[in-house]
Amino acid sequence: MKLVVQVKLLPTPEQTVALEATLHAVNTAADLVSAVAFDQRCFRNYDLREHTYDRIKAECGPAAQAAQHVIKKVADAYRALHANLRAGNLGAPGTKRRARAESRPITFRPDAAQPYDDRCLS
């Protein structure tokens with residue numbers, strides 16, 4: 001059974017700065033993983049881990065669990081994109097909207113959501 005709980009964080013000013021820096025770092029790492037996935041046409045979670053884990057740990061420096069969540073987030077984003085393409089939600093083949101979606105890697109906003117669990121809250 002999976003239990004999801006929504007909590008409100010009340011961080012100190014120093015903790016707020018640290019959380020924002022972490023969020024920006026993991027989303028920078030997500031952009032890096034997305035670029036690798038797009039270039040190598042490798043979208044499965046496990047395959048992406050083989051190609052990108054060491055690189056994002058070295059370049060962006062997130063903790064191990066956060067790095068795993070970043071890779072999973074990118075894999076899920078590409079899974080959603082490909083499902084939308086198959087369903088025709090981005091237009092028929094050859095349309096401008098579909099071509100734009102297929103022609104570049106997915107990007108993530110610097111303040112995009114990042115999952116946290118009990119292993120990455122220390």
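This is a short tour of helix 1 and some of the residues around it, in a predicted model.

**Stop one: Leu23.** Start by selecting helix 1, which covers residues 13–40, and pick out Leu23 within it. Now add Gln114 to the selection: its C-alpha atom is 7.0 Å from that of Leu23, although their positions lie 91 residues apart along the chain. Which other residues does Leu23 touch, once neighbours within four places in sequence are set aside? Show Pro110, Asp111 and Ala112 as well, since together with Gln114 they make up its contacts.

**Stop two: a nonpolar patch.** Stay in helix 1 and move to Leu19. Leu19 has a relative accessibility of 34%, so it counts as partly exposed. Switch on the surface and add Leu3, Val5, Val7, Leu9 and Tyr116; with Leu19 they form a nonpolar patch of about 630 Å².

**Stop three: a charge over a ring.** Next, select Phe38 and Arg41. The charged end of Arg41 is placed over the Phe38 ring, 5.0 Å from the ring centre.

**Stop four: the aromatic pair.** There is one aromatic pair in the structure. Select Phe43 and Tyr78 to see it: the ring centres are 4.7 Å apart and the planes meet at 35°, so the pair counts as tilted. Phe43 belongs to the loop between helix 1 and helix 2 (45–59), while Tyr78 is in helix 3 (residues 64–87), so the pair links distant parts of the chain, 35 residues apart. Are these two residues buried or exposed? Both Phe43 and Tyr78 are buried, which makes a clipping plane handy here.

Notes. Residues numbered from 1 in each chain as written. Predicted model: local features only at pLDDT ≥ 70, side-chain atom pairs only at ≥ 80, totals over all residues. Heavy atoms only, no water. Helix = DSSP H or I, 4+ residues; strand = E, 2+ residues; numbered from the N terminus. Contact = heavy atoms within 4.5 Å. Patch = residues over 30% accessible without salt bridge, like charges linked within 9 Å, V, L, I, M, F, W, Y side chains within 5 Å. Areas by Shrake-Rupley, 256 points an atom, 1.4 Å probe, with all protein chains shown as cover. Salt bridge = Lys/Arg side-chain N within 4 Å of Asp/Glu carboxyl O. Buried < 20%, exposed > 50% of the residue type's maximum accessible area, 1.4 Å probe, protein only. Phe/Tyr/Trp six-rings, centres within 6.5 Å; stacked < 30°, edge-to-face > 60°. Lys NZ or Arg CZ within 6 Å of the ring centre and 35° of its normal.
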